[in-house]
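Thank you for making the time this morning. I would like to walk you through one structure, part by part, and I will try to keep to what can be read from the model itself.

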Amino acid sequence: MNEFLIAIHRDLINKDASPSPEQMQSAIKPFQDWLGSIAAQDKLVAPPKRWDTDGRVVKQNNAVTNGPYAELKESLGGLFLIRAKDYEEAVEIAKGCPLLKWGATVEVRMAIPPAQ
Amino acid sequence: MEQQELIPNLFRTEYRKIVSVLCYLFGMDHIETAEDIVSDTFLAATESWSVNGNPENPTAWLYTVAKNKTKNYLKRNTLFEQKLSKEIQLNTSSTEEIEIDLSVKNINDSQLAMIFAVCESSISTESQIALALNLLCGFGIQEIADAFLTNKEVIYKRLNRAKEKLRKEKLKIQQPTLSQIEDRLPTVLTTLYLLFSEGYYSVSHDTVLRKNLCFEAMRLTILLIDNEKTNLPDVNALHALMCFHSSRFEARVNENGESVLYHQQNEMLWDQKLIDDGIHYLNQASTGNNVTKYHLEAGIAFWHTKKEDTVEKWESILQLYNQLLQLEYSPIAALNRTFALSKANGKKEAIEEAEKLQLVDNHFYYSLLGNLYTDIDNHKALSQFELALELATTAADKKTISNAIQKLQDLL
C-alpha cells in the first residue's frame, strides 16, 4: 500500500466561480458519502481536516499577501491522504469526488516510500 | 430480606466500596490485605447473623466491623505498620486514631481513584476489565469466568498476575489531577466501554450476568459523571450510548434465549425510561467542540430508538457512520455504514460499496451482501448467506443466517 495525496483545487476567487456556493452546499452530502466510502474501505490515512478559505501567500523577500493563491484560477480547496495500491486505484477513488462535475480538479500525488 | 439473599447482595454492593476505601488508605501495594480484611468482615457477618439474626442496619454493621478489623490488623501487625506508607502516618498520629472514612464522599473518591489506578497500569485490557469487575464491581471469580466464557483457574491467574503487577508498579492510588484526567480519561472510558460491550455483545447465554455487566459499566460511568472534575462531554456521551443500547435489552432476546434482530424487535419492550435518560445525557454531552466516537455512536444509537423507517433517520445514521469511520475505522462500522447507505441511498449504490469492502473472512460481510441482494437477485443472495453460514462460529449467528436462508428458499 502507498500513500497518496488527494488535493482538490477549485476557484475560490471569482464571483461566478464553479462550483458556486449553492453547488458546494448541495455537495455536502455526496462529499461526506465519498469520504465515508473511502473510510469504510480503511483507505483513509487520518481524519480529514476542514480548511478555511482565508489563507496567506508568502513569497520571496518575505512578501506576505492575503490568500488564497490569487494568481491561479484554482486554489487549494481541500486535501487529505489516502492509502491505495497504485495510481490506478488512487485515481479510481479520486473520480468519486462530487465536485468534479462542477469544474473542480483533483490532483493525485503518491508519497515516495521511505528508502528501505 | 432473607439472609440468603442479604449477604450476597451486600457483598455485591459493599465489598467493592470497603476495598476501595482501604486501598485508598493503604496504597495499591497492599491490595491483598484490604481484600482479606473485607472478606473476613463478610465471614464474620455470615457467622454472627445466622446466630443473632440480621442487624437493624446491616451496612453500618459491616462498616463498623471492617473498621475494627482494620484497626486490629494495624495494631497486631507492627511490621505492616512500619512498612505502611508515610502518607498514612502523616495524616494520623497513631494507629489508634486512624480514621477509616466510610462516608459516601470518601467511598466515591476512593472508587474514582481506583478506576484511574486500574486503567493507568500497564496490564492488558483484558486484565483491566477482569480487575475492574473484581475490585470495582464486586464480581467473584466464577462470575468473571462465566462472563469471559473461561474457567476459574484462568481468571484466578489473570487477576493474580494483574494484582502482582499493580503491587510491583507501586502505583499510587490517589485523586487524579486535572491533567491526569485529561491524559487518562480516554483509557478509563475505553475500559468502561469494553466492560459494557462484554455484557452487551457477550456470547454467554446468561442474560442476567450480561445485564449485570452492562449495569456495572453504567454505574461506574455515573460515578465519573457525579464527580465535578470528570463530568465531561465524552463521559456523558458514553453514558448516553449505554442507556440507548440497554433500552433494548428486553427486546433483543426471545423467550427461548435466541437473539432477535433489530428490525424484528417489539418496540413495546424497549425501555422508555432508559431512552429518556440517554437523551438527557446526550444533551449534557453536547457542550464544547470536541466530537468523540462516543458522541457519534450515541447519535447512531439514538436514531435506532426510533423504530419507524424515515428518510431523516437513515440519512442521519449514514452521516454519523461517515463521520465515525473518518475518525476511527472498524470492520463492523464499515458494514453498518453500508447497511445505512442502502436505506438512505438505495440498494444499488450499497451493493457497489459493499463489494469494495472485501471483508472476506467476516460472516457479517456475507450476511450484509445476502441482505442487499435479497429481492434484487435472490439466487445471488442465497449464495452469499451460504458463505456467511460457513464462516459463522456461534450457534446464535448460525441460527440467524439459517433463518434467512430458509426464507429465501421459500421465495425461490
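Before I point to anything, let me say what I mean by a helix or a strand: these are DSSP runs, numbered from the N terminus, with at least four residues for a helix and at least two for a strand. Please also keep in mind throughout that what you see is a predicted model.

With that in hand, let us begin in chain A, at the loop that lies between β1 and α1 (21-26), where we find P19(A). The peptide bond that joins S18(A) to P19(A) is cis, with omega at about 0°.

Strand β1 itself belongs to a sheet, and you may ask in what order its strands are arranged. The order is β4-β1-β5 in chain A, three strands that form an open sheet with antiparallel pairing. At the edges sit β4 (75-84) and β5 (105-110) of chain A, each of which pairs on one side only. From one strand to the next, the twist averages 20°. If we look at the pairing of β1(A), residues 2-10, with β5(A), we see that six bridges join these two antiparallel strands, and that A7(A) stands opposite E107(A) of β5(A). Against this sheet packs helix α3 of chain A, residues 87-94, which touches β1, β4 and β5, and whose direction makes about 155° with that of β5(A).

Elsewhere in chain A there is a second pairing to look at, that of strand β2 (residues 56-59) with strand β3 (residues 63-66), which is antiparallel and runs over four bridges. Here R56(A) is placed opposite N66(A) of β3(A). The two strands make a hairpin with three residues between them, and in that loop between β2 and β3 of chain A we find N61(A). Which sign does phi take at N61(A), positive or negative? It is positive, at about 60°, although N61(A) is not a glycine.

Let me now turn to chain B, for which the domain assignment gives domain 1 (1-102), domain 2 (104-231) and domain 3 (359-412). Where domain 1 meets domain 2 in chain B, the contact takes 17 residues from domain 1 and 17 residues from domain 2. On the domain 1 side, the most is given by helix α1 of chain B (residues 3-26), with eleven residues. That side, sorted by class, has nine nonpolar, three polar and five charged residues.

Further along chain B, helix α16 (residues 331-345) packs with helix α17 (residues 347-357), their axes 7 Å apart and at an angle of about 165°. How, then, do these two helices run relative to each other, roughly parallel or roughly antiparallel? Angles over 145 degrees count as roughly antiparallel, and α16(B) and α17(B) are therefore roughly antiparallel to each other. Their crossing is right-handed. Among the residues that make the contact are A334(B), T338(B) and L341(B) from α16(B), and A350(B), E353(B) and L357(B) from α17(B). By class, this contact of α16(B) with α17(B) has five nonpolar, three polar and three charged residues.

I will finish with the two chains together, whose contact takes twelve residues from chain A and 13 residues from chain B. The side of chain A that touches chain B has six nonpolar, four polar and two charged residues.

Technical notes. Residues are numbered from 1 along each chain as its sequence is written. Chains are lettered from A and ligands numbered from 1 in the order in which they are written. This is a predicted model: local features need pLDDT of at least 70, side-chain atom pairs count only at pLDDT 80 or more; totals for chains, interfaces and linings use all residues. Axes are lines fitted to C-alpha atoms, for helices over the stretch in contact, and angles run from 0 to 180 degrees between N-to-C directions. Angles under 35 degrees count as roughly parallel, over 145 as roughly antiparallel, 65 to 115 as roughly perpendicular and the rest as oblique. A crossing is left-handed if the near helix is turned anticlockwise from the far one by less than a right angle, and right-handed if clockwise. Two residues are in contact if their C-beta atoms, placed from the backbone, lie within 7 Å. Ala, Val, Leu, Ile, Met, Phe, Trp, Tyr, Cys and Pro count as nonpolar, Asp, Glu, Lys and Arg as charged, and the others, Gly among them, as polar. Domain bounds come from an automatic or database domain assignment. Two strands pair if DSSP finds at least two bridges between them.
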